[in-house]
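These are my notebook entries on a few helices, strands and backbone angles that I looked up one after another.

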Amino acid sequence: MDFRSSKILNWILNRQELSLHYLSEVFDISEQMLRKLIRELNAVFREKEIPTIKILSDGKLKYSEMSEEHQKKIKEILLENDFYTYRLTPNERKTISSMILMNSNRYVTATEISEYLEISRNTALNDLNDLKEWFLLNNMKLHSQVQKGYKVEGSEENIRSGMMKLLELNLDYYNYGNGEILDTFQHLLLRELHYEDRMPVIQRIVKEEENRHDLFLSDFSFMELIIELLVLLKRQSNGAIYPETISIERRKSSKYPMSRDILLRLGDYFDLTIPDVEIRYFVQCLRKKSYLKSSTTNVEEIAVPIMIGEAIYQISNRFNISFYLDFALYDVLVDHIKSAVYRAKSGEVLHNPFGKEIEEKYPEIFKVVKQCMKPLEQYIGMPFKKNEITFLTMYFASMIEKDRIERMRNQKVSVLLVGGMGRGVMQLLTAELGQFDDIIHIAGIKSSHEADSMEAYEADMIISTVPYTHKSIECIQISGPILDDSAIFEIRTMATKVLNEKCKHTYIKKAEIQELNQRKNSFLTRDRILLDVESASWEEAVRLSGNLLYQDGIVTKEYVDAMVDNVKINGNYIVIYPDLAIPHAEPSKGALKEGISLVRLKQPVVFEGKEEKTATYIVGLSLMNAKSINDLFYNLIKMFSNPTYRKQMKQVKTEWEMYRLIRKIL
């Protein structure tokens, strides 16, 4: 079982129409691999006496009307998995590791994580090393001590905030109305909070208190509140109390009685002493929720952020986008939509120079974004202009494209081991093949006479200890379970070849990646970098970045003027991330080639608007199409949201050092 199997089972439960073509697009795998996946699911269905999935001649999937008993069995399949039977993706693995670390009130060793997640110790160590940067970015520190392990250091506020964001960005709201968790990864993530025992009790008590206080939450907010209570109870059971920084005045809030009654009842049930500071803290959680019926008068400052979160969830869910640990991109989206709300209400118009091209290139994304923004439009009583929708389309398109590249990078070759030796010998061979963990996955072990009847889609490659060939699967024969240099070379060469063939079925072809790398290599030159310069105003800073493009023959002089005019007309939306501005103009204003420039100012400049924004890094853009700006937006945000990269960029002294650093990052 993996994330694809889990998604398919969820879609079957919800009676969604599926086809091989649709699933191939969503998961970026070949239809051949999908047939194998469905064959595996059908084997489980037969074992559980569930009607199997049929593949029709036109590629559509057909499954019988599921009885309540069959639906119950599918739910059991989803939730009976553990880390041995469910294959975690690298992002899923790191997300759960970070939750384990934040949950613990003691040091956790790499060995403990590797044994718990059923991964190698080296993989666990690499993940922990990557997570150090993530914790720093979220105002925490992953402290390591020899012979003790790893422990998260940070304020209680930041630890809870990190746990909540992990959960909010990685849970499926589709089944929130039923209060069910039906995704295997989400089940494994929430299991760290003992949700199976606690969630039914929390749901019952909250529902009873809703009735008693005559305050009724929306489905979305109801389950969000349940998750917050799971985190609160877990922290309480660890002896972690919210700091005494919350005003006593919170007791006067209309939500205080409901907060008090919920928490005191939960404390009694789970034998926990809940202090008043936790009740005051939970008042703020209640304030931030949307209600079908409430006495709250200042609704807008609560409702708009909730509706923004729901819109982002709906769009992400439609395109199978997972944020995992990527809080920075989520926050950028939230900020952009908040600004769009302000512009819609004030009548301001934001011009997107690539608007028409983005709408034409990504019609499905544009359509879904427009549809999912309608509730927010109805709430504020104003429609969003088409350019606002194209900007949001651009953000989501960049995420989808990058997600596809990442998935391709994480694909592995499915390998079947064939041999006539005993179980012990084949297990030794499996252990030896662990050195290829980055590129192959052991799908199973068969004897040669069993393998003769095997279908082509059961494996991508065969490694055999006996003479064996298959008409449609690449085979390698090795002499025994201990691999010599020749066997190691042959296995990796063959696996790489097979993986390249698999990648031909994905959206991002090998040729496209080569083209992307070539573009990155020429996109920025050291002649277009200027460090530590004085600038008296934002206009002067924008002109500095534009003149670097002009001097290198990338744009005309008129384009530089258009970059300045764009800010004067459309405001400070070009500050897309704290301390980073990306001035640009329409290609028709004088863009000759694609390229960027980079200016690092001695002191930040102010870009005026409803909210003032400052920037020290000014990245001038000359782009010819929507695909280029999607790629650049994503990479700039990823670069500037990484504290290690930001620190390195701040420390470099010369333009040449900056050029080499950015080349390395990209």
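**Helix 25.** I began with helix 25, residues 557-570, in what is a predicted model. Its 14 residues reach 20 Å from the first C-alpha to the last, which is close to the 20 Å expected at 1.5 Å a residue. I then listed the buried residues of helix 25 and found Tyr-559, Val-560, Ala-562, Met-563, Val-564, Asn-566, Val-567 and Asn-570. An α-helix has 3.6 residues a turn, so residues three or four places apart point the same way. Against what do the buried residues of helix 25 pack? I find helix 24 (538-551), strand 14 (595-607) and strand 15 (613-622) as their partners. Just after helix 25 comes Gly-571, and I noted its positive phi, near 85 degrees.

**Strands 11, 14 and 15.** Since helix 25 packs against strands 14 and 15 through its buried residues, I looked next at how these strands are paired. Strand 14 and strand 15 run antiparallel, joined by nine bridges, and they form a hairpin with five residues between them. Strand 14 also pairs with strand 11 (residues 529-533), here in the parallel sense and over four bridges. Following the bridges through Val-599, I see that this residue of strand 14 is the partner of Leu-530, and that its own bridge partner in strand 15 is Ile-618.

**Positive phi outside glycine.** Most residues other than glycine have a negative phi, and most peptide bonds are trans. I therefore noted Asp-532, whose phi is positive, near 55 degrees, and which is placed in strand 11. Is Asp-532 buried or partly exposed? Its relative accessible area is 34%, and so I record Asp-532 as partly exposed. The second entry of this kind is His-194, with a positive phi that is also near 55 degrees, in the loop between helix 9 (184-190) and helix 10. I count His-194 as partly exposed because its relative accessibility is 40%.

**Helix 10 and helix 12.** From that loop I went on to helix 10 (residues 195-213), which packs with helix 12 (residues 256-269) at an angle of about 145 degrees, the axes lying 10 Å apart. The crossing of helix 10 past helix 12 is right-handed. On the side of helix 10 the contact includes Val-201, Ile-202, Ile-205, Glu-208 and Arg-212, and on the side of helix 12 it includes Met-258, Asp-261, Ile-262, Arg-265 and Tyr-269. How do the residues of this contact divide by character? I find nine nonpolar, one polar and seven charged.

Technical notes
Residues are numbered from 1 along each chain as its sequence is written. This is a predicted model: local features need pLDDT of at least 70, side-chain atom pairs count only at pLDDT 80 or more; totals for chains, interfaces and linings use all residues. Side-chain values use heavy atoms; hydrogens and water are left out. Axes are lines fitted to C-alpha atoms, for helices over the stretch in contact, and angles run from 0 to 180 degrees between N-to-C directions. Helices (H or I, at least four residues) and strands (E, at least two) are DSSP runs, numbered from the N terminus. A crossing is left-handed if the near helix is turned anticlockwise from the far one by less than a right angle, and right-handed if clockwise. Contact means heavy atoms within 4.5 Å. Ala, Val, Leu, Ile, Met, Phe, Trp, Tyr, Cys and Pro count as nonpolar, Asp, Glu, Lys and Arg as charged, and the others, Gly among them, as polar. The expected span of a helix is 1.5 Å times one less than its number of residues. Buried means under 20% relative accessible area, exposed over 50%, partly exposed in between (1.4 Å probe, protein chains only). Two strands pair if DSSP finds at least two bridges between them.
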